[in-house]
Amino acid sequence: MTEIARPAAAVMWPIVPLERESLMGWITRTAHENVLPSPYSILRRTGLSYTAKPIAALLSIEAAPLLATSLGADQASVEARMLGAGPSSAYVQLNGVPVRRKAVVTNVRRFSPATLGRAKTHLTAWSLRTLPFCSESWEFLQDSCADCGQVQRWRQAQDQRRCDMCNADLTVQRAELVDPALRADLYELCTLAYGTSADGQRVAAGLPQELASLSAGALLEITSLAAGIVDPELRFSFRARTHLGEQQQVVSAHAEAWTLLKGYPDSLGTLAARLGGANATPQARAARGRIRNILDGHARGELLPEVQCLADALRTSDSLNLDRQGDADMRVKPAAWILGATEGEVAAARDAKVLKSRFGFRHGALRSSLDREEIEYLGEVRVDRLAAHSLAGELGLPRYAGEQLLSTATVRRHDHPWLLARYRSAQTTHSDLAAFKASLRNSQVQAEIENPVPLACLMRRIGGGPKPWGTVLGMMAQARLPFRLKDDGTAPNSILVPAANAHQITALGTGEWQEDYTWEDAMDILNLSTKHQEALASLEGQREKGKGWRLSVSDLREKACSFISLGELVARLDKPVPTVTSLVRHKGLGARGLFGWDRKTTEAELSELLL
C-alpha cells in the first residue's frame, strides 16, 4: 500500500495534538493552520502512494517516521493514533484495543455537533461503527451537512467545523440524543473501547467471574455478537454511512447485550426462554441460527482467540448439553399437558421464574428446559389437590379452619409458586388428608376416657375471635392432647376429650384473623346456632367473583369482641339453656340482642362461674 519515495519536509508551523484527537483530525488541523489546501498536502510528503484514502496513513506504520517529520512531531504521538496490526488481517488495533477492521470508519468524517464545537477537531472515539454516538454530548454522530446534504469526507477538509461544500457551521446542527436509560451501560462500553487500560480492567472487574479476565477487545466483540442475537433484525452494515434509524437500533441492541453480559450465565437462560421453542417467531429462529453459527465457528469472519475459546467451552460443556441430560429435563409442551395449562401459561411462568428452568444447547441451538421432577410433582398435586375450604369441609370444620390447618402444618401445605398463582391459595391433597386422619387414629388413647366432652362443645368455650382449630388438631395428631375418636370419625362432634384436659384448649385463646370469612365462619366465631342466622344479615359484606358472599372482617371482629352469645355461655357455664337464661336475668344483664349480651359486662358479672 505504501511506497516511500523521498524524505518528508516538516510543516512551517507544527501544532501539538490534542487529547483523544484522531490522526486525520490532527493532520487536517495542521494543514489548516499552515494554510495548506487539504490534509493530503501533508500525506503526499510522506511518499504514500494512496494518499486519497485515509486508511493508507492509518495503517502504514512504516510511514510513521516520515509522517512525524512532516507534522514536526514525535513518532510515538503519530503511532499512537494509527491503526495498529491486530491478531489477524481481519482486525486492527484502535487505541490499543483489537476491533474488526471493517468496524472502523475511515473515509467519512463523523462528528457530534456539540463536542465538535468544543474540541474543534475530529476525535478517535467517533471512528468505531458499533458505537455511533459521542459519550460526551450523548449525541448520535452526524456525517453530513444539514444545509446542503454534503457527506463530510477528508478529501476537501479544511476547517473541520465547516462543511466541505457550503462552508455551513456544522457545530450548530441539531442531533438526536441517546436514551438516558441506556447511557450507563453504553458508557462502560466506551470505557472499554477508548479508556485507559486501567479503566478497561475496572469495567471488566465488575463482570461475572467467567468474563472478568477477558480483554477489552474480547468483551467488545462478544457484546457485538450478542447484539445481533438480542435484536435479530440488526444488520451490521459496513458501508461508509450509517443512517440514524440504524444507529438507534445498534445502540439499543448493544446496551441490552451488555446487560446480558453482566448477568452471565443466568442471562443465557432468560435469552433462551425468550427465543422460544418450536413455535418461535422468525426473528427468534434467526437469533438461534446466529448462536449456532457462532458456536459452530461459522460466524462472519474469524473470532478473537479469547472469544473463540469461550464459544468452544460453551459448545463442549456437558452441563449445558441438554442432549446428554437424559430424562432430567422437560420441554414446555409436555409440561403444559401435565399441568393442565396452555403452553403460553407455562412459558410465562418459566420466564417469571415461577417454574424452575435451565438453559443449554440441544442439537446446537440454545434452548430453555423445565425441571422434570418439579413438573411431575406439580402434576401429582394437580390431580389429587384439595383446596383449604374443601379440606375443612372434609373434616366437618368451618371454612376458615382449613387455612389454619395448612398454616400450622397440621396438614401438609403445598405452597409452590405455581399453585399459588394458578389457584390463588395454598393447596393440599386427598392423600395428605388421609395421612392426617391416619395420624389422628394412631394418636388417640386406646382406653376409655373419663368424662368425655365433644371437641365441638369445648371449642364453643372460646369466644371473641376465630377458634384455634389448626393448633388443637395439631396437638392431637402429635399426641400432646389426649382424645378418643367416636365411631372412628374425625368430625368435631366425634372427637372426645377428657373434661380434665379442657383447660389445654381454652388456654390457647383465639386464633389469628384471616382476610375474609363466610356466614358459616361467622356462626362459628360468634358461637351462633343456625336458628340465629337472621343476626348475620346485619353484618356488612359483599359478593366476590368465585368466592361467594364475604363478610366484612372489621365488622365481624367488632361483633365478636363486643358480644357473647347464648351458645358460648351455655358451654362456659356447662349448664342447660333454661338455667343460663334464668341466671342472666337474675344478674340483671338485660334482654338478649341479636348477637347476645355485652361481653365485657357479662364476663365481669359471671367471672366466678365461667369455665
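## A walk through the model

Start by selecting Arg-424, which is exposed, with a relative accessible area of 64%. This residue lies in the loop between helix H20 (417-423) and strand E8 (427-429). Look at its backbone too: Arg-424 has a positive phi of about 65 degrees, although it is not a glycine.

Before moving on, please keep in mind that this is a predicted model. Colour the chain by pLDDT and you will find a mean of 83, with 82% of the residues at 70 or more. Confidence is highest in helix H6 (residues 113-119), at a mean of 95, and lowest in strand E12 (residues 541-544), at 52. Residues 1-7 have a pLDDT below 50, and this stretch makes 21 contacts in the model beyond near neighbours in sequence. Residues 237-241 are also below 50, with 13 contacts of that kind. Where pLDDT is low, predicted coordinates should not be read in detail.

**Next stop: two hairpins**

Select residues 84-85, strand E1, together with residues 91-94, strand E2. The two strands run antiparallel and are paired over 2 bridges. Ala-85 sits opposite Val-92 of E2, and 5 residues separate the strands of this hairpin.

Now add strand E3, residues 97-100, which is antiparallel to E2 and joined to it by 4 bridges. Click on Leu-94 and you can find its bridge partner, Val-97, in E3. E2 and E3 form a hairpin with 2 residues between them. In that turn is Asn-95, with a positive phi of about 60 degrees, although Asn-95 is not a glycine. Is Asn-95 buried, exposed or partly exposed? Asn-95 is partly exposed, with a relative accessible area of 36%.

**Into the nonpolar cores**

Which residues touch the most other members of the largest nonpolar core? Select Phe-133 and Leu-186: they do so among the 60 residues of this core. Strands E2 and E3, which you have just visited, each give two or more residues to it, as do helix H7 (183-194), helix H8 (197-205), helix H10 (216-230), helix H11 (244-262) and helix H14 (305-316).

Stay on Leu-186 and show its surroundings. Leaving aside neighbours within four places in sequence, Leu-186 is in contact with Phe-133, Trp-138, Val-178, Val-251 and Ala-255. Apart from this core lies another one, of 41 residues, including Leu-395, Leu-397, Ala-522 and Ile-525.

**A three-stranded sheet**

Go on to the open sheet whose 3 strands are ordered E9-E11-E10, with antiparallel pairing. Strand E9 (452-454) and strand E10 (484-485) stand at the edges; each has a single partner strand, so one side of each is left without a neighbour in the sheet. To see one of the pairings, select E10 and strand E11 (residues 495-498), which are linked by 2 bridges. Leu-485 is opposite Ile-495 in E11.

**Last stop: cysteines**

Finish with Cys-457 and Cys-561. Cys-457 is partly exposed, with a relative accessible area of 28%. Cys-561 is partly exposed as well, at 47%. How many disulfides does a search of the whole structure find? The search finds 0.

Note on methods
Residues numbered from 1 in each chain as written. Predicted model: local features only at pLDDT ≥ 70, side-chain atom pairs only at ≥ 80, totals over all residues. Heavy atoms only, no water. Pairing = 2+ DSSP bridges. Disulfide = S-S within 2.5 Å. Buried < 20%, exposed > 50% of the residue type's maximum accessible area, 1.4 Å probe, protein only. Core = buried A, V, L, I, M, F, W, Y, C linked by side-chain atoms within 4.5 Å. Contact = heavy atoms within 4.5 Å. pLDDT = per-residue confidence, 0-100.
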